[in-house]
Amino acid sequence: MDRYRDLARKRNGIRRKKDDRVPVYAAIDLGTNNCRLLVAQPDGNAFAVIDSFSRIVRLGEGLTTSQELGADAIGRTIEALKICAQKMRRHDARFVRCVATEACRQAGNSALFFKRVKQTTGLDLEIIAPDEEAGLTLTGCLPLIDPAAQHALVFDIGGGSTEVMWVGIDDRGRPQLRDTMSIRLGVVSLAERFGHDKIAPADYRTILEDITERLDAFDRRHEISRHIAERKVQMLGTSGTVTTLAGIHLDLPRYDRAQVDGLDIDFDSINAIIERLTRMDFKTRCAHPCIRRERADLMIMGCAILDAICKRWPIGLLRVADRGIREGILMAMIAAHDGAQPAAAQ
């Protein structure tokens with residue numbers, strides 16, 4: 001395990017008992033597919049996790065056709081948020097932030113959904129813009145960025161959108177967010193368009209071409225391909241797709257964050273896993289211990305997005321991050337209230 005994985009574990013990978021003398025912070029990230037909570041306490045310039053929760057709720061199910069959050073999806077999500085609220089009350093969280101991303105940005109009934117969430121759980125949800133989403137993701141991933149690199153490409157494959165970040169690293173090894181782009185394509189929206197079982201080769205090529213075309217302008221704007229040719233770029237990916245792929249790469253009997261977060265995977269291994277998964281049918285993916293039914297219908301679409309990113313920017317090595325918005329929110333809140341100074345992300 002290299003020093004970046006050691007740092008990642010030290011920062012927030014090991015859960016500890018609550019210290020009643022230290023204030024408690026909580027962050028919720030409500031995405032198109034997942035509802036995630038972290039409860040933590042400051043620990044120097046970082047934090048230690050005292051509780052967490054994650055559930056696939058598929059809030060954005062059917063959104064591409066209806067333009068509204070569906071009743072079943074709202075019901076599933078509120079049940080998950082009730083659990084989050086209970087955990088936050090149990091730990092007497094003093095500083096709280098709950099954010100929602102692409103599904104709620106698109107839905108015409110988000111305000112009514114937020115009102116119902118407030119009435120039933122007491123939680124105040126807020127929609128954040130893609131640029132803030134990218135900034136929080138980067139802040140959460142800072143410990144995994146190599147300070148010796150000159151640039152980093154960071155991406156997050158979500159349920160309703162994919163965020164891409166171009167990061168500069170200064171002479172003191174501090175990452176600075178230079179630019180972001182948000183692609184309105186995610187695993188849920190693509191699965192609803194192309195189906196949940198095997199994907200036809202023509203459809204797979206369509207996804208690759210679509211994403212590549214969207215990435216081209218971003219590449220030209222920052223001369224990313226030139227920097228890659230000079231071997232000056234690190235690639236970092238965060239999402240259920242990337243972490244699940246890492247679990248498959250390690251042949252884990254069940255998913256283990258401690259082994260996945262900070263793992264480096266070469267592109268040849270990524271390509272081999274993607275090729276293997278695209279040949280599997282839905283039933284076979286359901287039986288895989290790192291995929292299971294919850295992700296079986298989404299994994300192929302995530303692989304298509306990942307494949308397009310890797311082909312457009314052939315860096316050769318991907319660092320996996322099992323972290324993102326929640327960690328970024330916690331680090332920002334701790335810096336604001338406790339005077340800690342995490343590395344700058346913007």
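## Two sheets, two cores

In strand E2, Ala40 is the bridge partner of Tyr25. Let's start from that little pairing and work outwards, keeping in mind that this is a predicted model. Tyr25 belongs to strand E1, which covers residues 25–30 and pairs with E2, residues 34–43. The two run antiparallel and share six bridges. As background, strands of a sheet pair through backbone hydrogen bonds, either parallel or antiparallel.

E1 also pairs with E4, this time in the parallel sense, and again the count is six bridges. Here Ala26 of the chain stands opposite Val96 in E4. How much of E4 is covered? Mostly, it turns out: five of its six residues are buried. E4 goes on to meet E5, with three bridges joining the two parallel strands. Within that pairing, Ala100 has Ile127 in E5 as its bridge partner.

Put these pairings together and you get an open sheet of five strands in the order E3-E2-E1-E4-E5, with mixed pairing. Its edge strands are E3 (46–56) and E5 (125–127), each of which pairs on one side only. On average, neighbouring strands here are turned by 20° against each other, if you ignore direction. Helix H5, residues 110–121, packs on this sheet and touches E1, E4 (95–100) and E5. The direction of H5 makes about 160° with that of E5.

Next, look at the aromatic rings, since the structure holds three aromatic pairs. One of them is Phe113 with Phe114, whose ring centres are 5.8 Å apart. Why is the pair called tilted? The planes of the two rings stand at 50°, so the pair falls in that class. Both Phe113 and Phe114 are buried.

Now for the other sheet. This one is open too, and has six strands in the order E8-E7-E6-E9-E11-E10, once more with mixed pairing. What do E8 (175–183) and E10 have in common? They stand at the edges with a single partner strand each, so one side of each is left without a neighbour in the sheet. Averaged over the sheet and ignoring direction, neighbouring strands are turned by 25° against each other. At the E8 end, strand E7 (residues 162–169) pairs with E8 in the antiparallel sense over eight bridges, and Val164 stands opposite Met181 in E8.

Two helices to look for here are H8 and H15. H8, residues 201–222, packs on the sheet by touching E7 and E8, and its direction makes about 150° with that of E8. H15 packs on the sheet as well, touching E6 (151–157), E7, E9 and E11 (317–321). Relative to E6, the direction of H15 makes about 165°.

That brings us to the packing inside. The largest nonpolar core has 57 residues, and the members that touch the most others are Leu153, Phe155, Met235, Leu277, Leu306 and Trp313. Which element gives the largest share of this core? Helix H15 (residues 299–312) does, with ten residues. Leu153 is a good place to zoom in: beyond its neighbours within four places in sequence, its contacts include Val164, Met165, Trp166, Ile224, Ile228, Met235, Leu236, Trp313 and Ile315. There is also a second, separate core of 31 residues, with Ala26, Cys35, Leu63 and Phe114 among them.

A few single residues round off the tour. Asp261 lies in the loop between helix H11 (257–260) and strand E10 (264–266). Is Asp261 buried or exposed? Its relative accessibility is 5%, so Asp261 counts as buried. The side chain of Asp261 makes a polar contact with the side chain of Arg323, at 2.5 Å.

Then there are two arginines with unusual-looking backbone entries to check. Arg231 has a phi near 60°, a positive value in a residue other than glycine. Arg231 sits in the loop between helix H9 (224–229) and strand E9 (233–238), and with a relative accessible area of 78% Arg231 is exposed. Phi of Arg292 is near 60° too, again positive in a residue other than glycine. Arg292, though, has its place in helix H14 (residues 292–296), and its relative accessible area of 45% makes Arg292 partly exposed.

Conventions. Residues are numbered from 1 along each chain as its sequence is written. This is a predicted model: local features need pLDDT of at least 70, side-chain atom pairs count only at pLDDT 80 or more; totals for chains, interfaces and linings use all residues. Side-chain values use heavy atoms; hydrogens and water are left out. A nonpolar core is a set of buried Ala, Val, Leu, Ile, Met, Phe, Trp, Tyr and Cys residues joined through side-chain atoms within 4.5 Å. Buried means under 20% relative accessible area, exposed over 50%, partly exposed in between (1.4 Å probe, protein chains only). Helices (H or I, at least four residues) and strands (E, at least two) are DSSP runs, numbered from the N terminus. Contact means heavy atoms within 4.5 Å. Two strands pair if DSSP finds at least two bridges between them. Axes are lines fitted to C-alpha atoms, for helices over the stretch in contact, and angles run from 0 to 180 degrees between N-to-C directions. A polar contact is a pair of N or O atoms within 3.5 Å; within protein, one must be able to donate a hydrogen and the other to accept it, and residues adjacent in sequence count only if both atoms are side-chain atoms. Rings of Phe, Tyr and Trp (its six-membered ring) pair if their centres lie within 6.5 Å; planes under 30 degrees apart count as stacked, over 60 as edge-to-face and the rest as tilted.
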